[in-house]
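My notebook is open and the model is loaded. I'll jot down what I look up as I go.

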Amino acid sequence: MSEQRTTAAGGMETSYGFKDVGAGEKQTLVNDVFHRVAGRYDLMNDLMSGGLHRLWKDALVSWLNPPKRRGWKVLDVAGGTGDIAFRIIDASHCNAHATVLDINGSMLAVGRERATKRGLEANTDFVEANAEELPFADETFDAYTIAFGIRNVPRIEVALSEAFRVLKPGGRFLCLEFSEVEMPLLDRIYEAWSFNAIPRIGQVIAGDGEPYAYLVESIRKFPNQENFASMISHAGFDRVTWRNYSGGIAALHSGWKL
């Protein structure tokens with residue numbers, strides 16, 4: 001495991017990329033990043049993943065396998081643009097209802113506009129709130145999804161506990177996140193691309209390379225697959241497992257509230 005990574009013991013709450021920040025400062029800094037990239041969110045993920053994020057998101061929805069019946073509800077956290085929520089609704093044949101929660105209003109504005117264009121207003125709600133303090137009653141949702149967002153949450157263990165709280169018994173937790181590459185040669189190639197190319201491309205295309213530099217650094221600080229699985233189990237989830245994609249560039253973690 002990279003020496004830069006945090007572990008299940010914590011550390012992400014005061015980590016803004018490779019910088020240490022004071023308690024309570026990270027959320028404001030991260031919010032600013034996503035206000036700056038909201039209009040180019042798809043471009044951001046394309047740069048971070050070489051376009052593979054689209055396939056990984058499809059894999060998340062396939063593993064979730066949402067039922068094609070009315071009344072099934074999913075909470076998609078840090079999903080402001082609706083990328084995961086719309087996929088889930090489509091996979092359910094427009095029977096699922098998705099509540100999209102994000103702390104960033106700029107991201108949610110993009111999602112609302114997209115939902116309107118797709119005619120999915122009846123299947124979606126958009127809620128501006130913090131993953132650490134979900135504004136929902138206990139046992140509200142059948143599934144909780146989060147894609148490329150949990151590493152930006154300061155207190156990950158709190159967010160995981162909240163996920164467990166709002167899920168119904170038998171509910172499913174799925175988290176897609178950049179993780180630790182397990183193939184040495186691929187690791188070096190991806191490292192070089194991430195730190196050298198991505199911020200420069202972000203500067204050229206978006207006119208702002210700093211948010212992309214933070215996002216690359218935050219990936220390197222996030223706990224590896226085994227440590228993150230331990231955190232999910234500690235929050236109360238059972239049958240915790242994960243699947244690696246593209247040699248571990250991304251990992252999809254699953255847990256159940258049993």
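**Asn-152 and its loop**

I started with Asn-152 and looked up its contacts, meaning heavy atoms within 4.5 Å. Leaving out residues up to four places away in sequence, Asn-152 touches Lys-26, Val-30, Phe-34, Tyr-214, Leu-215 and Ser-218. I found Asn-152 in the loop between strand 6 and helix 6. Helices (H or I, at least four residues) and strands (E, at least two) are DSSP runs, numbered from the N terminus.

Is Asn-152 buried or exposed? It counts as buried, with 6% relative accessibility. My cut-offs are under 20% relative accessible area for buried, over 50% for exposed, and partly exposed in between (1.4 Å probe, protein chains only).

A note on what I'm looking at: this is a predicted model, where local features need pLDDT of at least 70 and side-chain atom pairs count only at pLDDT 80 or more, while totals for chains, interfaces and linings use all residues. Residues are numbered from 1 along each chain as its sequence is written, and side-chain values use heavy atoms, with hydrogens and water left out.

Phe-148 is in the loop between strand 6 and helix 6 too. I noted it for its phi, which is near 55°, a positive value in a residue other than glycine. Most residues other than glycine have a negative phi. Phe-148 also counts as buried, at 5% relative accessibility.

**The sheet**

Next I traced the sheet. In what order do the strands of the open sheet come? I read 5-4-3-6-7-9-8 for the 7 strands, with mixed pairing. Two strands pair if DSSP finds at least two bridges between them. Strand 5 (124–128) and strand 8 (238–245) are the edge strands, each pairing on one side only. From one strand to the next, the twist averages 15°.

At one edge, strand 4 (residues 97–102) runs parallel to strand 5, and 5 bridges join them. Here I saw Asp-102 opposite Glu-128 of strand 5.

At the other edge, strand 8 and strand 9 are antiparallel and share 6 bridges. Asp-238 sits opposite Trp-256 in strand 9. This hairpin has 4 residues between its strands, and Ser-246 takes a positive phi near 55° there. Ser-246 counts as partly exposed, at 30% relative accessibility.

**Helices on the sheet**

Which strands does helix 6 (residues 156–166) lie across? I got strand 3 (73–77), strand 6 and strand 7, with helix 6 at about 145° to strand 7. Axes are lines fitted to C-alpha atoms, for helices over the stretch in contact, and angles run from 0 to 180 degrees between N-to-C directions.

Helix 6 also meets helix 9 (residues 225–234): their axes come within 9 Å and cross at roughly 50°. That makes the pair oblique. The scheme is under 35 degrees for roughly parallel, over 145 for roughly antiparallel, 65 to 115 for roughly perpendicular, and oblique for the rest. I looked up who touches whom: Ile-156, Glu-157 and Leu-160 from helix 6 meet Phe-228, Met-231 and Ile-232 from helix 9. I sorted these contact residues into 5 nonpolar, no polar and 1 charged. Nonpolar covers Ala, Val, Leu, Ile, Met, Phe, Trp, Tyr, Cys and Pro, charged covers Asp, Glu, Lys and Arg, and the others, Gly among them, are polar.

**Helix 3 meets helix 4**

I then checked helix 3 (residues 53–64) and helix 4 (residues 83–91), whose axes come within 10 Å and cross at roughly 45°. These two helices are therefore oblique as well. On the helix 3 side, the contact residues include His-53, Leu-60 and Leu-64, and on the helix 4 side they include Ile-84 and Ala-91. The full contact divides into 6 nonpolar, 1 polar and 5 charged residues.

Why do I call helix 4 largely enclosed by the rest of the structure? Because 7 of its 9 residues are buried. Among them are Asp-83, Phe-86 and Arg-87. After helix 4 comes His-93, with a positive phi near 60°.

**Last look: Pro-184**

I ended at Pro-184, which is in helix 7 (residues 184–206). Pro-184 is exposed, with a relative accessible area of 58%. In sequence, Pro-184 and Gly-247 are 63 residues apart, yet in space I read 9.6 Å from C-alpha to C-alpha.
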